[in-house]
Amino acid sequence: MKYITFDNGDKLPMLGLGTWKSAPGEVFQAVLWALEAGYRHIDCAAVYKNEKEVGDALKKAFADGLVKREEVFVTSKLWNNAHERDQVQVGFSQSLADLQLEYLDLYLIHWPIALKSHVMFPEKGEDFLDYTNAPLSETWAGMEALKSDGKVRHIGVSNFNQQKIEEILASCQIKPEMNQIELHPYLPQKKLVDFCFSHQINVTAYSPLGSADRPSARKQADDPVLMEEKVLHKIAAKHGKTVAQVLIAWSLHRDVAVIPKSVNQDRIKQNLESADLKLDGSDMEAISNLKTSHRFIDGTFFTEVPGSPYEQSDLWENA
Ligand code: A2P
């Protein structure tokens, strides 16, 4: 297993379990299977609506002596409706309580999008906060306070482009230590990854397998299917591995952490074994030559809301 080492020496196992789309009723078992298989990194978020059950699984794993708290790296994310300075603590405390932990290893601003506190997903312009009420610098100051209080060991962002990161860097006391973004061979985002690395910001890949189980509202009939990509099948056959393992190994080869989601015991184990797959230069080149380009999670659920103050250009730069 490869690790990211933070400035204070803390280590993040670069392959973790994703829990977005893992239903309550499934995620408890999935987390336990993952810990039994050897995972030591669990990625969570308030908006996944399953943190209580993830917390139940962690509590059981600690009580049974399967793992110690300090051996597991747990990430969560601040939802968009808690961006106001005094709300950051509120959002964080709820995740901490649901996960039944004393501290988090990593806490991220989930999106550079601010909603009113009673809104989970926006339906109209009034559901958004005016930027002057919740500038990112204020949200980030709330994140820094959590770190200074020792409630979280590391802080970062998710779905941030270069411009949004620069906005934080311009006023921060503590630099973001992570940017979690959609990354896979159809969306390599080389420029953004290089920018993050040049500022000592680590990167985590979400939707590394192409999130085929994303909600139907996030799917178009002509979306490409990453797991059906012929080039990936060839590489998988060459190594006697699966396409999922090739995809996970591709992120690890880029020194990017990766959080494939699964609620299936065999696939959870299979995904962890990707850590042993060594892709060669020709594999990486064949993948980088793929012509298909696609963003599966495009944020239109924020930008296409009537009256939304956000545009696609607020979120994304070219891949
Ligand atoms: P399941 O949870 O039933 O295993 P992503 O991580 O990109 O969001 O992708 C998650 C999707 O990929 C889920 O549908 C998940 O299904 C599926 N998946 C996870 N691991 C594998 C694997 N090793 N082979 C095939 N599909 C997988």
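Colleague: What makes the pair formed by a polar side-chain atom of Lys-21 and an oxygen atom of the ligand a polar contact?

Modeller: In this predicted model, a polar side-chain atom of Lys-21 lies 2.9 Å from an oxygen atom of the ligand, and a pair of N or O atoms counts as a polar contact within 3.5 Å, so this pair qualifies.

Colleague: How do you know that Lys-261 and Asn-271 also make polar contacts with the ligand?

Modeller: The reasoning again rests on the cut-off of 3.5 Å: an N or O atom in the side chain of Lys-261 is 2.7 Å from an oxygen atom of the ligand, while an N or O atom in the side chain of Asn-271 is 2.8 Å from a nitrogen atom of the ligand, and therefore both pairs are polar contacts. As for area, the ligand taken alone exposes 570 Å², of which the protein buries 84%.

Colleague: Which residues come nearest to the ligand, and how does the shell around the ligand divide?

Modeller: There are 17 residues around the ligand, and those that come nearest are Ser-211, Lys-261, Ser-262, Arg-267 and Asn-271. The shell is made up of six nonpolar, seven polar and four charged residues, and its largest share, three residues, comes from helix 9, which covers residues 265–272. The space that the ligand takes is the largest pocket.

Colleague: Why are strand 3 and strand 10 called edge strands?

Modeller: The open sheet has eight strands in the order 3-4-5-6-7-8-9-10, with parallel pairing, and strand 3 (17–18) and strand 10 (257–258) are its edge strands because each pairs on one side only.

Colleague: What makes strand 3 and strand 4 a pair?

Modeller: Pairing requires at least two bridges, and two bridges join strand 3 to strand 4 (residues 41–43), so the two strands, which run parallel, meet that requirement. Within this pairing, Leu-17 stands opposite Ile-42 in strand 4.

Note on methods
Residues are numbered from 1 along each chain as its sequence is written. This is a predicted model: local features need pLDDT of at least 70, side-chain atom pairs count only at pLDDT 80 or more; totals for chains, interfaces and linings use all residues. Side-chain values use heavy atoms; hydrogens and water are left out. A residue is near a molecule or strand if one of its heavy atoms lies within 4 Å of it. A polar contact is a pair of N or O atoms within 3.5 Å; within protein, one must be able to donate a hydrogen and the other to accept it, and residues adjacent in sequence count only if both atoms are side-chain atoms. Accessible areas come from the Shrake-Rupley method with a 1.4 Å probe; for residues, only the protein chains shown count as cover. On a 1 Å grid over the protein atoms alone, a cavity is a set of points where a 1.4 Å probe fits but cannot get out, and a pocket is an open set with protein on both sides within 12 Å along at least five of seven lines; lining residues have an atom within 4 Å of a point. A molecule sits in a cavity or pocket if more than half of its atoms lie within 2 Å of its grid points. Helices (H or I, at least four residues) and strands (E, at least two) are DSSP runs, numbered from the N terminus. Ala, Val, Leu, Ile, Met, Phe, Trp, Tyr, Cys and Pro count as nonpolar, Asp, Glu, Lys and Arg as charged, and the others, Gly among them, as polar.
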